[in-house]
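Work through the following exercises with the sequence and the model open beside you. Each task is followed by a solution that proceeds step by step.

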Amino acid sequence: MQARKKYVLLGLCACCWLLLIYWGGGVQVRLFKLLGRQRGEVVRPWPNWTDRAFLPGYAQLEELQTGPGSVESPHQRHQAWTGIYKDSRCRMETCFDFTRCRRRGRDGFRVYVYPSEKGERVSESYRKILTSIGESRYYTTDPREACLFVLGIDTLDRDQLSGQFVPNLDDRIKGYPLWNEGRNHLVFNLYSGTWPNYNEDLGFNIGQAILAKASLNTEHFRPGFDISIPLFSKEHPQKGGERGWLVRNTVPPHRKYLLMFKGKRYLTGIGSDTRNALHHIHNGKDIVSLTTCRHGKDWEKHKDSRCDHDNLEYEKFDYQELLHNSTFCLVPRGRRLGSFRFLESLQAACIPVLLSNGWELPFSDVIQWNQAVIEGDERLLLQVPSTVRAVGNERVLALRQRTQMLWEAYFSSVDKIVLTTLEIIKDRVFSHISRNKYMWNALPGGLLVLPEYSTHLAYFPFYYLSLGVSPGQEFTAIIHAVSPLVSQSQPIMKLLQVVSKSKYCSQIIILWNSEKPPPHRSKWPPMPVPLTVTDGRRKTSSRFLPNVAIETEAVLSLDEDTVLLTSEVNFAFLVWRSFPERIVGYPPRSHFWDPVKHAWGYTSKWTNEYSIVLTGAAFYHRYYHYLFSHYLPPSLRALVDRTSNCEDILMNFLVSSVTHLPPIKVAQRKQYKELPSPQGTKISAPWANPEHFTQRQECVNSFARWFGYMPLVHSQFRLDPLLFKDQVSVLRKKYKDLERA
């Protein structure tokens, strides 16, 4: 009996031991996996638009993208990366000195560019980057003021086989006294690595520097520290750039071709398998996928059996015609993860379909790319046609419109790419005063939304409609005074009475820019609203500088000799409340292109078409005061002050560049006239000066050069009161005085 108990006890012990091995081993495996993830292992989700369970037997991406004899394991790649970038765990909190930037508040964000050595070779693209920084509002020539440093040595092309490659960078950079292992430095790069693997070896140790790089791999990207930038060509414009190609939407939104690609095919090496497979989806009808192996010096030595046929098909289609007439554009990886096709498709409003596994998309910190592109998987090429066919019309319209917004806001010029990079870093440094994701992903884009003004959407005029917010019901009048007060019959005295009678007027501010001191308050007439006289410091641009006394959203800008009625003021204000992001006013002007002089012209002729509304009698949002003084460069404001002219034209340039829309002209009883100066004053009206009109012509061209394009937009639109000039009784009309003599 006792022997039986002994065997039962041993059996129970054996069962318990087996259970412990089974369950304990499973827990141990899961624990090891969890620890592995915590140590930095990146877990990539499968694309949402397919099911991994139905895809057995697919080759690994590492096998597809390496040629025979050049297979490099993930462990080898990781070892190579950590050998080159020893500070691969850098974050802003650990590898950036914030104290250099915060000594002067938000104004402490200054960027210093090391001077290039004599005879230094600098590529055209890098020269554009340095020019953009040098012309930005953040540039400083004093390294002691700098928060961020940029190398004067060209680091864009780090392919050792390239003619632009700069050797011995490690030794040269260590000679910079402020290098400090790269801390607070920004390094730009477009090309890294070389044949055959094209890894991300820059050929020098960037240390703790922030890397602004094209074709960044997500495995090597340091989140919240590095910045992925787009790959752009040396022909990419310095400023402005072309507008997006989407002129109007059609319903349904599909174009002649559903999906297109036309580009190089690589026969060997990394990226070859991806492009070698593109011919499988070509049907010659609504899907055009063309490749050519006719590139490189000795392509004929390596051509395969498909090359001749592919080259013939390739010549049958024009690339630009395909771009203009395709709904989706395939953007496969090249030798590196990025491709010129990406920016080309964005501009063309051809929705990018990305086939570049592991690519950290440009400015991914702030841009919501799922609203503009479709991300595919290189291993699932044959599923791309069915995927794009399943995209509905509403989604196509939304994606297409977002490509245009992103192109014009961040990618159309080198200036915008560089400034976006700087603004992202600045938002990280001053995270308590920074843009939110909505500001970056809604019109007019993050570069034109200055968080120093406000971080609340409701404070910006271009967000009112999307927020369902209406602007305030009062305005502040600012009268620009340049003539001394010598008589109670001067136009400014009558103007004060007219404006103060408006039921919408909250206060009046007189900006005193006369050579003589302003008169005592007792010299001004009594009014039902507060009157403030401020010193304009004899600067013409001061009329648009931020003024803490302005408490309303709406600003009515007036010249001292403006002739208006109270009913005209009221009507213009009500119109502005419907269009708070635009300039709304009375005196129109226009611009035109002079083909003989190859320059822009300015005209004051009264025609049905206009592109400028003078700020001598106009409403606009007070945010444009802040943008005028903090976004525009000091050189443009200095031009305005030097000539005492053109500030109204510059404000129209600024507002139109934000809205991409024209100003709005409203009806008026009397024409806006330029009156002579009051008797007894020695100051003559500026328009009496023969050089006045010539200066305005020159201003239009100077402003267009700085913006890089002509932002002014022509319009024939005018808003009149209901029943205005209709053959009915004047007593039935709300604005009766507008028609009286």
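Contact means that heavy atoms lie within 4.5 Å, and axes are lines fitted to C-alpha atoms, for helices over the stretch in contact, with angles from 0 to 180 degrees between N-to-C directions. Helices (H or I, at least four residues) and strands (E, at least two) are DSSP runs numbered from the N terminus. The model is predicted, so that local features need pLDDT of at least 70 and side-chain atom pairs count only at pLDDT 80 or more, while totals for chains, interfaces and linings use all residues. Residues are numbered from 1 along each chain as its sequence is written, and side-chain values use heavy atoms, with hydrogens and water left out.

**Exercise 1.** Determine the strand order of the open sheet that contains E6, and place helix H13 against this sheet.

Solution. Two strands pair if DSSP finds at least two bridges between them. Five strands with parallel pairing give the order E7-E6-E8-E9-E10. The edges are E7 (287-292) and E10 (374-375), each of which pairs on one side only. Between E6 (residues 257-264) and E7 there are six bridges, and Lys 264 has Thr 292 in E7 as its bridge partner. Finally, helix H13 (residues 393-411) lies across E8 (326-332), E9 (351-355) and E10, and runs at about 90° to E9.

**Exercise 2.** Compare the span of helix H18 with the expected value, and decide whether H18 is largely enclosed or not.

Solution. The expected span is 1.5 Å times one less than the number of residues. H18 (residues 566-578) has 13 residues and reaches 19 Å from its first C-alpha to its last, close to the expected 18 Å. Buried means under 20% relative accessible area, exposed over 50%, and partly exposed in between (1.4 Å probe, protein chains only). Because 10 of the 13 residues are buried, H18 is largely enclosed by the rest of the structure; among them are Phe 571, Phe 573 and Trp 576.

**Exercise 3.** Classify the ring pair of Phe 544 and Tyr 620, and state which parts this pair ties together.

Solution. Rings of Phe, Tyr and Trp (its six-membered ring) pair if their centres lie within 6.5 Å, and planes under 30 degrees apart count as stacked, over 60 as edge-to-face and the rest as tilted. The whole structure holds 37 aromatic pairs. For Phe 544 and Tyr 620 the centres are 6.0 Å apart and the planes at 70°, so the pair is edge-to-face. Phe 544 lies in the loop between E13 (531-535) and E14 (554-559), and Tyr 620 in E19 (residues 617-621), so the pair ties together parts 76 residues apart in sequence. Both residues, Phe 544 and Tyr 620, are buried.
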